[in-house]
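Open the structure in your viewer and keep the selection tool handy. We will walk through a few helices together.

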Amino acid sequence: MQFLRNVLLFSLAGLLPVLVFYVALSPGFATALADGGPALKRFLRQVLTNGLPVVVIVNYVGFFLFAVSKESSGGGRDPGTYIVVDFFSRLGLFVGLHALIYVVSADWYGSFGGSRTTALRVVAPTLARSALFENISGVYLYATLVSAIPLYISAVRSSPRLAPVIRFFPDPIGPVAIALLIFAAGAACLTALAALFVGLQA
């Protein structure tokens, strides 16, 4: 429970600043929310039922892998393995949780016209634009940085296989730069896969 509480607090700390930034960048959005009414209600429901669960679950897995990598350091397994596991689990969870939540929203709140099929069809187009910060799913994606960066930096620093790569960067920023590049690669993969699926649907 303490671990879950800490993950929740870190998730809120990562989510709220990005959310405020997104609202500030969206013309007229802040005014609409300040007026209250249906717009504010839908926004809060979206964040609480979609954004927060996605961010918390993805961060939970990220912090769990970080803890496991610390406990098993020196056990013979290259720490870079945890980067690979996190990379693919992060993508799978982000897509899968969005699909699940969209379907549940169609059932419970009548979103997407109450159609599960429509809910599933909009997942790919939505995620295809999230890495570019063009919709609120982008907020949820970048809020998960809070768990990705500690794991990636720690694994990069202690991975013998990644040691030659670190030498290409100035000494203090090598692990941080690689960690950010790995997260960016994940965002790019998410965009590419979602865009490919949209193309197949068309």
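The tour below goes from one helix to a pair of packed helices.

Before you start, note that this is a predicted model, where local features need pLDDT of at least 70, side-chain atom pairs count only at pLDDT 80 or more, and totals for chains, interfaces and linings use all residues. Residues are numbered from 1 along each chain as its sequence is written, and side-chain values use heavy atoms, leaving out hydrogens and water.

**Stop 1: α7.** Select residues 136-143. Seven of the eight residues of this helix are buried, so α7 is largely enclosed by the rest of the structure (buried means under 20% relative accessible area with a 1.4 Å probe, protein chains only). Color I136, S137, G138, V139, Y140, L141 and A143 to see the buried ones. They pack against α1 (2-25), α3, α4, α6 (123-128), α8 and α10.

**Stop 2: α8.** Now select residues 145-158. Helix α8 has 14 residues and reaches 20 Å from its first C-alpha to its last. Its buried residues, including S147, L151 and S154, pack against α3 (37-71), α4 (80-108), α9 (163-166) and α10.

**Stop 3: α8 with α10.** Add residues 174-201, which form α10. The two axes come within 8 Å and cross at roughly 130 degrees, so α8 and α10 are oblique to each other (neither under 35, over 145, nor 65 to 115 degrees). Show L145, A148, I149, Y152, I153, V156 and R157 of α8, and P175, V176, I178, A179, L180, I182 and F183 of α10, which make the contact (heavy atoms within 4.5 Å). These residues divide into 13 nonpolar, no polar and one charged.

Key
Axes fitted to C-alpha atoms, helices over the stretch in contact; angles between N-to-C directions. Helix = DSSP H or I, 4+ residues; strand = E, 2+ residues; numbered from the N terminus. Nonpolar A, V, L, I, M, F, W, Y, C, P; charged D, E, K, R; others polar. Expected span 1.5 Å × (residues − 1). Buried < 20%, exposed > 50% of the residue type's maximum accessible area, 1.4 Å probe, protein only.
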